[in-house]
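Please open the model in your viewer and keep the selection panel at hand. The stops below go from one selection to the next, with a short account of what is there.

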Amino acid sequence: MLTKINHGQAITIPLKKYLILAPLILLGCSTFGVNAFESSKFGLFVKNEINGDDHISGIGAEMWFTGKNSNFGAAILTSIGHAAVTDREKEQHDYLAWEAGLKLGYFSDIFAYAEVGFDIGELVLQDRNGDDEYRTYHGDEDNDFVATNRRRYDDANNIDGYVGVGAGIKFEHIQIEAFTRLRQIDGEYWKADNQAFTGAKLSVVF
């Protein structure tokens, strides 16, 4: 059951400008990578992040690019999985989490990074249809009734996204990391009660 949230009490994370820039940065990294970076490294991972009873888990792939003369660089990643998130009315919502992200940081046997990401599914499939339609009636100067069609839109259903930081360690082909993310999560009639998630990720690097 979806519940209308009082948006006057909403706490908003200013992620929109980052979410707009993220696809452009990803494109730039992939286009510019041949000349600016060494040969890339590729990995497959499983991850889980939690806040109380809420969780976002998934599997995914990641590619790292480091500088020719340093370990500073970038990584692009995508994942798909399951999310269970509680709204501000304490109703839990289950949905498919299909995300893409970008990391910037220092990548060696011990590494640290900052990251930004967004929900690909919402970006591609976001629907701005009217939440509902209704008719209102009012009297004109001749005391006749005039019907007016009105449509109400939900402007609060933004594209989900996150910003975060993380760190980890690499043992040959195995990589373990921990991270913290601040997330913007909402639906047509609800907004997530929790915004801060902590998680862990296990990767196999080729």
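Start by selecting glycine 43 together with glutamate 62, which stands opposite glycine 43 in β2. These two residues belong to a pairing in which strand β1 (residues 41-51) and strand β2 (residues 54-66) run antiparallel and are joined by 11 bridges. Strands here are DSSP runs of E with at least two residues, helices are runs of H or I with at least four, and both are numbered from the N terminus; two strands count as paired if DSSP finds at least two bridges between them. What you are looking at is a predicted model, in which local features need pLDDT of at least 70 and side-chain atom pairs count only at pLDDT 80 or more, while totals for chains, interfaces and linings use all residues. Residues are numbered from 1 along each chain as its sequence is written, and side-chain values use heavy atoms, with hydrogens and water left out.

Move next to the turn of this hairpin, where 2 residues lie between β1 and β2 and glycine 52 takes a positive phi near 60°.

Staying on β1, select phenylalanine 45, whose place is in that strand. Is phenylalanine 45 buried or exposed? With a relative accessible area of 5%, phenylalanine 45 is buried, where buried means under 20% relative accessible area, exposed over 50% and partly exposed in between, with a 1.4 Å probe and protein chains only. Not counting residues up to four places away in sequence, phenylalanine 45 touches a set of residues that includes Ala61, Leu77 and Leu202, a contact being heavy atoms within 4.5 Å. If you display the C-alpha atoms of phenylalanine 45 and alanine 61, you will find them separated by 6.1 Å, although the two residues are 16 residues apart along the chain.

Now select strand β10 (residues 196-205), which runs antiparallel to β1 and is joined to β1 by 8 bridges. One place to look is asparagine 48, which stands opposite alanine 200 in β10.

Just ahead of β10, select asparagine 194, whose place is in the loop between β9 (174-184) and β10. Which residue shares a polar contact of 3.0 Å with the side chain of asparagine 194? The partner is aspartate 54, through its side chain; a polar contact is a pair of N or O atoms within 3.5 Å, and within protein one must be able to donate a hydrogen and the other to accept it, while residues adjacent in sequence count only if both atoms are side-chain atoms. Leaving aside neighbours within four places in sequence, asparagine 194 is in contact with Asn51, Asp54 and Thr86.

Return to β2 and add strand β3 (residues 72-86), since these two strands are the next stop: they run antiparallel and are joined by 12 bridges. Within this pairing, the bridge partner of serine 57 is histidine 82 in β3.

Strand β4 (residues 92-106) is the next selection, and histidine 93 lies in this strand. Histidine 93 counts as buried, at 9% relative accessibility, and the side chains of histidine 93 and aspartate 87 are joined by a polar contact of 2.7 Å.

From β4, go on to β5, with which β4 forms a hairpin that has 3 residues between the strands. The two strands pair in the antiparallel sense over 8 bridges, and the bridge partner of glycine 105 is tyrosine 113 in β5. Strand β5 (residues 110-119) has 7 of its 10 residues buried, so β5 is largely enclosed by the rest of the structure. On from there, β5 and strand β8 (residues 161-171) pair in the antiparallel sense over 9 bridges, and valine 116 stands opposite valine 163 in β8.

Finally, zoom out to the whole chain. Its secondary structure comes to 2 helices and 10 strands, and 8 strands close into a barrel in the order β1-β2-β3-β4-β5-β8-β9-β10, with antiparallel pairing.

Before leaving, colour the chain by pLDDT, the predictor's confidence in each residue, from 0 to 100. The chain averages a pLDDT of 79, and 66% of the residues score at least 70. Two stretches to select are residues 128-134, over which pLDDT stays under 50, and residues 149-154, over which pLDDT also stays under 50. Where pLDDT is low, the predicted coordinates should not be read in detail.
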